[in-house]
Amino acid sequence: MFELLSQPIGLLREFFLNFGTFGLLVWTIIKILVIAVPLIVCVAFFTLFERKVIGWMHVRQGPVYIGRIFGIGLIQPFADVFKLLFKEVISPTTSNKFLYRLAPILALAPAFAAWAVVPFEDAVVLSNANAGLLYLLAMTSMGVYGVILAGWASNSKYAFLGALRSAAQVVSYEIAMGFALVGVLVVAGSMNLSEIVDAQKGDAGLLDWFWLPLLPLFVIYFISGVAETNRAPFDVAEGESEIVAGFHVEYAGSMFAIFFLAEYANMILISFLTSIMFLGGWLSPFPASWGFLGAPGIWWLLLKALFFAFCFVWFRASFPRYRYDQIMRLGWKIFIPITLVWVLVAAWFVHAGWVVAGV
């Protein structure tokens with residue numbers, strides 16, 4: 001699909017680059033907006049998708065009346081956005097004003113910055129960095145600073161308690177996710193995300209993908225992603241029956257909306273990264289000999305990401321909330337030891353020739 005657009009995109013790029021540094025800046029901003037704007041729209045409709053799916057699982061309708069198109073509340077996400085934007089922003093009198101306003105930005109910026117190295121198809125990526133995996137680890141680990149600052153700057157005991165619990169949980173599962181990605185690095189032999197997808201090519205279709213030799217790391221990575229985004233059943237930091245709304249309890253209006261946007265943007269990011277690292281990205285699950293079904297394309301990546309996004313919602317509708325001690329035990333005593341052992345197993349697979357990248 002992107003091959004048809006390559007020539008007009010190249011002409012547009014040359015046009016802007018004729019203006020020197022200013023043109024390069026404008027062209028870079030355009031590329032960022034091409035990713036950021038659809039992502040924001042996806043976040044808006046992800047909320048509708050979540051409410052409709054949970055309603056279906058609970059045998060009820062979900063949003064219906066706001067924009068009753070195709071029998072669903074299609075305009076409901078925009079109504080929610082306008083409601084939050086037009087609400088008065090109330091901040092605690094004794095809060096640290098600067099850090100209180102900085103915290104939502106620190107939570108949102110890494111969630112969007114990480115998309116710079118995420119490839120959507122072969123050569124369709126904002127920055128095809130060779131150290132893309134390292135950049136991802138750096139960006140995804142920075143979001144915890146927004147959580148900590150939000151709790152501390154609010155000068156509220158409830159917010160501070162929620163921030164401590166959330167930060168400890170995020171850091172714990174970030175370690176397990178990091179070790180899972182080390183396993184991918186060992187098998188693929190590259191930190192470039194496009195090359196990681198290329199390393200999963202083969203004649204056997206989905207049996208050539210990394211989910212098979214790295215099955216424990218695949219499961220742990222996605223479950224840790226659910227925990228890192230503070231989603232059910234790992235949402236003890238926001239348990240309404242326990243500590244009100246967690247670290248952002250003192251936020252309202254547009255600043256609360258930024259935290260909301262960051263959470264859902266991270267969910268979509270985890271869905272895409274799981275698809276790229278373990279399920280072949282834009283590669284088809286069928287052999288190339290199957291014609292159209294065997295052809296790679298962005299639609300395969302979108303379908304895989306949609307499945308994992310559905311799993312986020314499915315987990316929320318199905319599982320009860322864990323106790324905090326259970327969450328920490330799962331992360332430190334189960335996930336981290338398993339990932340450490342399987343990284344060594346993956347290295348042995350490569351050394352023995354059982355797993356060969358791109359074959």
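This report describes two helix-helix packings in a predicted model.

Residues are numbered from 1 along each chain as its sequence is written. Local features require pLDDT of at least 70 and side-chain atom pairs pLDDT 80 or more, while totals for chains, interfaces and linings use all residues, and side-chain values rest on heavy atoms, without hydrogens and water.

Helices are DSSP runs (H or I, at least four residues) numbered from the N terminus. Axes are lines fitted to C-alpha atoms over the stretch in contact, with angles from 0 to 180 degrees between N-to-C directions.

| Helix pair | Crossing angle | Axes |
|---|---|---|
| α4 (residues 97-113) and α5 (residues 132-153) | roughly 160 degrees | within 8 Å |
| α2 (residues 20-57) and α11 (residues 298-318) | about 50 degrees | 10 Å apart |

Helices α4 and α5 are therefore roughly antiparallel (over 145 degrees), and their crossing is left-handed (near helix turned anticlockwise from the far one by less than a right angle). In this contact (heavy atoms within 4.5 Å), the residues of α4 include Leu99, Tyr100 and Leu102, and those of α5 include Gly143, Gly146 and Trp152. The contact residues comprise 15 nonpolar (Ala, Val, Leu, Ile, Met, Phe, Trp, Tyr, Cys and Pro), two polar (the others, Gly among them) and no charged (Asp, Glu, Lys and Arg).

The angle between α2 and α11 makes α2 oblique to α11 (neither under 35, nor over 145, nor 65 to 115 degrees). The crossing of α2 and α11 is right-handed (clockwise). Phe46, Phe49, Glu50, Val53, Ile54 and Met57 of α2 meet α11 residues, including Phe310, Trp314 and Arg316. This contact of α2 with α11 divides into 11 nonpolar, no polar and two charged residues.

Notes: Helices (H or I, at least four residues) and strands (E, at least two) are DSSP runs, numbered from the N terminus.
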